[in-house]
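Here is a short report on one chain. Look at the fold first, then at the surface.

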Amino acid sequence: MGFMTPFKKRANSFTYIPRYYDPEREAFNQRRAELFGERAGDSDREYVPGQYIRTQREARTARRQNEKSDNGHTRIIILCALAAIIMLFAYRLYPVIVSALSDKPSKAAAAPAYEEEFDPYAPIVIIPND
């Protein structure tokens, strides 16, 4: 049973994993150094006006060139293919679904003889109420 006791079965513990190297932090520091122009080769040079802006622009250009640049053509092709599949689905299966869900009896099921289809031009039959 789960009664409260003053004695513990095991001591309190915690998980401590020492981390001497953090790859995410290292990548962040490298990107920051590139953006601010603080590379090892830049330490002996003096600051040139506009150096940070040029460094940022060059880093942005290099990053954009490394990324895949398909200009959205793949996305447009995928959207067109999905639209074609949806249209084919609607063309082929929509009539089947509508006929299955409709309230009209099918032609195979015979309607009772006393029920006729309504004809608005037929003369009205009046039956006296005795």
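A residue counts as buried when its relative accessible area is under 20%, and as exposed when that value is over 50%; partly exposed lies in between. Ala33 has a relative accessible area of 18%, so Ala33 is buried. This is a predicted model, and the values below are computed from it.

**Fold and confidence**

The chain holds three helices and zero strands. Read from the N terminus, the order is α-α-α. The average pLDDT of the chain is 77. A score of at least 70 is reached by 75% of the residues. Among the elements, α3 has the highest mean pLDDT, at 87. The lowest mean, 82, belongs to α2.

**Burial**

Of the 130 residues in the chain, 5% are buried. The accessible surface comes to about 14000 Å². Carbon and sulfur atoms account for 59% of that surface.

Three residues, each from a helix, show the three classes of exposure.

| Residue | Helix | Relative accessible area | Class |
|---|---|---|---|
| Ala33 | α1 (residues 23–36) | 18% | buried |
| Arg63 | α2 | 45% | partly exposed |
| Leu101 | α3 (residues 73–101) | 65% | exposed |

Ala33 sits in helix α1. How far apart are Ala33 and Thr55 in space, C-alpha to C-alpha? The distance is 9.9 Å, with their positions 22 residues apart in sequence counted as the separation.

**Positive patch**

Six arginines gather on the surface in a patch of positive charge: Arg31, Arg54, Arg57, Arg60, Arg63 and Arg64. Which helix gives the most to this patch? Helix α2, residues 51–66, does, with five residues. Arg63 is one of the patch members and lies in helix α2. Its relative accessible area is 45%, so Arg63 is partly exposed rather than exposed, the cut-off for exposed being over 50%.

**Nonpolar patch**

A second surface patch is nonpolar. Phe89, Leu93, Val96, Ile97 and Leu101 form it. Together these residues have about 490 Å² of accessible area. Leu101 belongs to helix α3. With a relative accessible area of 65%, Leu101 is over the 50% cut-off and is therefore exposed.

**In brief**

The predicted chain is built of three helices, and 5% of its residues are buried. Its surface carries a positive patch of arginines and a nonpolar patch that includes Phe89 and Leu101.

Technical notes: Residues numbered from 1 in each chain as written. Predicted model: local features only at pLDDT ≥ 70, side-chain atom pairs only at ≥ 80, totals over all residues. Heavy atoms only, no water. Helix = DSSP H or I, 4+ residues; strand = E, 2+ residues; numbered from the N terminus. Buried < 20%, exposed > 50% of the residue type's maximum accessible area, 1.4 Å probe, protein only. Areas by Shrake-Rupley, 256 points an atom, 1.4 Å probe, with all protein chains shown as cover. Patch = residues over 30% accessible without salt bridge, like charges linked within 9 Å, V, L, I, M, F, W, Y side chains within 5 Å. Salt bridge = Lys/Arg side-chain N within 4 Å of Asp/Glu carboxyl O. Lys, Arg positive; Asp, Glu negative; His and termini not counted. Charge placed at Lys NZ, Arg CZ, Asp CG, Glu CD. pLDDT = per-residue confidence, 0-100.
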